[in-house]
Amino acid sequence: MKTLTLAMTGSGGTGVVALGEMLLRSAARTGLFGILCKTFGPQIRGGESAAIIRFGPRPLASFGGEIDLLLVLDWTNFQRFADEIPLKPSTVVIGDTAAGARPASIPEGLSVASLDFTGLAQKMGSTHSNIALLGYVAAWLGCDSAQVAASVEQRLHKHSEDTIALAQQVALAGAELAGTTPIPIEPPMAEQYQGEERWLATGNQLAGLGALEAGVRFVAAYPITPASDALEWMAGKIESVGGHLMQAEDELAAVNMAIGAGYGGVPAMTATSGPGLALMSEAMGLAVASETPLVVLNVMRGGPSTGIPTKAEQSDFNLAVYGLHGDAPHVVMSALSVEDCHHVMAWATQVASERQTLVIVLSDQFLGQSIQVLAPLPTTGFKAALLSPEAEPPESSQMQGERYFRYLNTDSGVSPMAVPGQAGTAYTADGLEHSQAAIPSPKAADHELQLDKRERKLQSLADSDQWGLQSILPNARVLVLCWGSLYPIALEAQRLLQDQGVIVNVVGVRLLSPLPLEFIQQSMDAVDQVLVVEQNHLGQFARYLRSFGLSFVSYHRPGPRLFTPVEILQQVEGLNRA
């Protein structure tokens with residue numbers, strides 16, 4: 001499969017991210033698939049930005065590696081993206097004549113051309129050189145004017161008709177420039193496609209969709225990059241399904257509001273990133289102790305502290321798995337691709353509801369903010385229960401005289417949950433340890449019984465067939481084991497290795513805690529060597545696996561550079577040489 005990777009850079013206001021989105025949308029209308037990775041400076045908004053798009057004839061879930069075509073609207077601070085935009089000797093560079101001086105970091109010998117996109121736009125009374133560049137590149141990709149015009153209109157729908165019409169004319173002029181000054185690279189070819197109109201969605205949007213489809217009807221939000229996109233998307237959708245989103249004054253208020261909604265029987269969630277998750281830890285302990293359903297989506301970024309808020313990393317693993325005080329069993333899941341953000345959030349919503357527990361879902365900046373072209377997704381079938389005060393009275397087994405046993409010690413560990421207003425079910429719910437009847441208790445027997453019960457109700461989850469995704473090949477001698485956004489990258493490495501005659505299996509772990517140890521052990525036992533890969537400095541997942549007695553080779557490094565399939569391929573080759 002021939003794919004091609006473009007990068008676009010510019011300073012704040014040049015509109016490279018908007019250009020990337022319109023280009024991706026136009027290409028999708030021609031039948032191409034693609035994925036767009038947005039990258040910003042640490043100041044998040046108003047500074048330099050870049051967009052990296054990979055196009056191909058079939059679905060793409062990972063960034064390939066080196067750049068084939070670099071498009072430059074502005075060279076300012078380009079060096080800040082040098083790690084993320086790896087050039088190669090054959091990279092073609094096309095820049096606006098107004099882009100400024102080419103930085104010394106651009107290697108000599110590259111094919112470099114300068115075209116006057118700014119002048120082209122200005123001749124037509126526009127300041128949007130990015131639209132002229134859009135028309136130029138879209139024409140090279142085979143997009144017709146109607147497809148580009150539709151993308152421009154969709155992007156500028158809040159502007160006047162005159163503004164949209166002018167932009168469409170500028171794009172058309174850019175396309176005409178492509179006829180006289182073509183890009184000297186063969187574009188990827190689309191395969192014939194007759195299905196439904198494809199989706200363009202980010203992982204954050206799909207996470208929100210999965211949550212709403214599974215029944216989340218209350219969201220408490222406090223903005224933080226890169227999770228804010230999920231909350232902003234849900235704010236515009238949740239009322240249409242009968243729910244509500246409230247912006248809180250801080251993360252502590254947000255998570256406590258969500259716990260309050262869960263206590264009232266309404267499936268609820270919040271979303272945050274590392275610093276926010278740390279602030280929420282005490283309240284998450286309340287959700288565990290009170291056995292209140294709660295989903296927390298944590299979109300990871302580089303840390304610690306405010307770290308690198310606009311780049312992806314997998315360094316919140318320890319915080320998610322170990323970060324609660326006391327013995328506080330809870331569930332931790334990871335999204336294995338942009339598309340899987342939809343699936344995992346729906347599953348998390350159901351698990352939180354049926355097991356009355358906290359579920360933390362780990363995504364990252366790459367999954368959350370990248371835009372992927374994909375076929376329409378069916379609903380997952382996961383559903384959370386919406387509890388009502390009008391429910392049936394509690395069964396006799398849940399009662400002792402007039403007292404309702406909220407924390408009854410059942411075989412499954414899941415106790416009957418009532419909501420405020422339900423007849424005969426008044427009980428105390430707080431962070432104190434309690435008896436089965438929810439009476440605050442300092443007794444050792446009550447403490448041990450409730451600790452056992454809260455742990456027991458999660459253990460069977462490790463047997464779930466949703467625990468992960470696998471790509472198993474006959475006669476494989478090596479297993480690449482990963483989690484989160486590295487899964488589609490490892491899959492592409494698997495295909496590259498197969499082309500070289502090296503057969504490997506790939507397993508992506510969706511359920512991180514409780515660990516599906518038996519499934520993982522079976523995958524390991526089927527091969528001679530195991531390579532665990534992850535994107536953090538300490539190898540947090542590897543250390544966790546070793547605590548279960550597992551043996552393997554660990555490869556880990558921090559962000560912000562994105563992992564590439566070639567990088568994993570080289571690590572597997574290193575195993576074979578060892």
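Two strands are taken to pair if DSSP finds at least two bridges between them. In this predicted model, strand β18 (residues 478-483) and strand β19 (residues 504-509) meet that criterion, pairing in the parallel sense over six bridges. Within this pairing, Cys482 stands opposite Gly508 of β19. The connection from β18 to β19 runs through helix α14 (residues 486-499), and the resulting β-α-β crossover is right-handed. A further parallel pairing, over four bridges, joins β18 to strand β21 (residues 529-534); here Val530 of β21 is the bridge partner of Leu479.

Six of the six residues of β18 are buried, that is, under 20% relative accessible area, and the strand is therefore largely enclosed by the rest of the structure. In a regular strand, side chains alternate between the two faces of the sheet. In β18, Val478, Val480 and Cys482 point one way, whereas Leu479, Leu481 and Trp483 point the other way, and all are buried.

The structure also contains two cavities of 30 Å³ or more. The largest cavity, with a volume of about 50 Å³, is lined by Phe63, Phe366, Ser485, Leu486, Ile489, Gln535, Leu562 and Phe563. This lining comprises six nonpolar and two polar residues, with no charged residue. The second largest cavity has a volume of about 40 Å³. Its lining is formed by Cys37, Lys38, Thr39, Glu84, Thr310, Lys311, Ala312, Gln365, Pro560 and Leu562, and divides into four nonpolar, three polar and three charged residues. Strand β2 (residues 33-40) supplies the largest share of the lining of this second cavity, three residues.

Technical notes: Residues are numbered from 1 along each chain as its sequence is written. This is a predicted model: local features need pLDDT of at least 70, side-chain atom pairs count only at pLDDT 80 or more; totals for chains, interfaces and linings use all residues. Side-chain values use heavy atoms; hydrogens and water are left out. On a 1 Å grid over the protein atoms alone, a cavity is a set of points where a 1.4 Å probe fits but cannot get out, and a pocket is an open set with protein on both sides within 12 Å along at least five of seven lines; lining residues have an atom within 4 Å of a point. Grid points are joined across faces, edges and corners, and a volume is the space filled by probe spheres set on the points. Ala, Val, Leu, Ile, Met, Phe, Trp, Tyr, Cys and Pro count as nonpolar, Asp, Glu, Lys and Arg as charged, and the others, Gly among them, as polar. Helices (H or I, at least four residues) and strands (E, at least two) are DSSP runs, numbered from the N terminus. Buried means under 20% relative accessible area, exposed over 50%, partly exposed in between (1.4 Å probe, protein chains only). A crossover is right-handed if, with the strands pointing away from the viewer, the path from the first strand over the helix to the second runs clockwise.
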